[in-house]
Amino acid sequence: MCTHTPACPPAEAPDAAAALLVTCHPEQGWSLRCNGAVSFDDTGALLPDGTAIAPHRPGRRAAEETARA
């Protein structure tokens with residue numbers, strides 16, 4: 001799918017979010033990456049094979065501990 005040089009990481013790779021954006025719709029809360037993954041504003045994703053990645057934002061407690069540091 002990706003025609004960039006060097007190629008963007010595949011959708012299944014741990015660094016898949018590093019793939020370049022093909023289209024971005026912030027008003028709808030999603031973006032399409034050149035590896036075929038759809039990433040959502042809540043940090044979740046939908047991979048090209050239909051696999052859903054749950055949002056992985058730090059929880060409230062982690063945010064509070066970071067704020068105290």
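1. The largest pocket has a volume of about 290 Å³. This value, like the others below, comes from a predicted model. The lining of this pocket is made up of 17 residues. Those that lie nearest the centre of the pocket are Ala17, Ser39, Thr43, Gly44 and Ala45.

2. What kinds of residue line the largest pocket? Sorted by class, the lining has 10 nonpolar residues, 5 polar ones and 2 charged ones. Strands E2 and E3 both contribute to the lining, each with at least two residues. These two strands are taken up again in points 5 and 6.

3. Next, the overall layout. The protein has 1 helix and 5 strands. Read from the N terminus, the order of the elements is β-β-β-β-β-α, with the helix after the strands. The protein has 69 residues, and 26% of them count as buried.

4. The 5 strands form an open sheet in the order E1-E2-E3-E4-E5, and the pairing is antiparallel. Which strands stand at the edges of the sheet? They are E1 (21-25) and E5 (52-53). Each has a single partner strand, so one side of E1 and one side of E5 have no neighbour in the sheet.

5. E1 and E2 run antiparallel and are joined by 4 bridges. One of the residues involved is Thr23, whose bridge partner in E2 is Leu32. The two strands form a hairpin, with 4 residues between them. In the turn of this hairpin, Gly29 has a positive phi of about 85°.

6. E2 (residues 30-33) is also joined to E3 (residues 38-40), here by 3 bridges, and this pair too runs antiparallel. Leu32 has Val38 as its bridge partner in E3, while Ser31 has Ser39. Leu32 is thus a point to follow across the sheet: its partner in E3 is Val38, and Leu32 is itself the partner in E2 of Thr23. Ser39 also appears among the residues nearest the centre of the largest pocket.

7. E2 and E3 form a hairpin as well, with 4 residues between them. Gly36, in the turn, has a positive phi of about 90°. The two faces of E2 can be told apart: Ser31 and Arg33 are on the covered face, whereas Trp30 and Leu32 are on the uncovered one.

8. Is Asn35 buried or exposed? Asn35 lies in the loop between E2 and E3. Its relative accessibility is 9%, which is under the 20% cut-off, so Asn35 counts as buried. A polar atom of the Asn35 side chain lies 3.3 Å from the backbone oxygen of Ala16.

9. Last, the cysteines. How many disulfides does the structure hold? The number is 0. Cys8 is in no disulfide, and the nearest cysteine sulfur, that of Cys34, is 3.2 Å away. A disulfide needs the two sulfur atoms to be within 2.5 Å, so a separation of 3.2 Å does not qualify.

10. The surroundings of two cysteines can be set side by side. Cys8 has a relative accessible area of 14%, so Cys8 is buried. Cys24 has a relative accessible area of 42%, so Cys24 is partly exposed.

Terms used
Residues are numbered from 1 along each chain as its sequence is written. This is a predicted model: local features need pLDDT of at least 70, side-chain atom pairs count only at pLDDT 80 or more; totals for chains, interfaces and linings use all residues. Side-chain values use heavy atoms; hydrogens and water are left out. Buried means under 20% relative accessible area, exposed over 50%, partly exposed in between (1.4 Å probe, protein chains only). Two strands pair if DSSP finds at least two bridges between them. On a 1 Å grid over the protein atoms alone, a cavity is a set of points where a 1.4 Å probe fits but cannot get out, and a pocket is an open set with protein on both sides within 12 Å along at least five of seven lines; lining residues have an atom within 4 Å of a point. Grid points are joined across faces, edges and corners, and a volume is the space filled by probe spheres set on the points. Ala, Val, Leu, Ile, Met, Phe, Trp, Tyr, Cys and Pro count as nonpolar, Asp, Glu, Lys and Arg as charged, and the others, Gly among them, as polar. A polar contact is a pair of N or O atoms within 3.5 Å; within protein, one must be able to donate a hydrogen and the other to accept it, and residues adjacent in sequence count only if both atoms are side-chain atoms.
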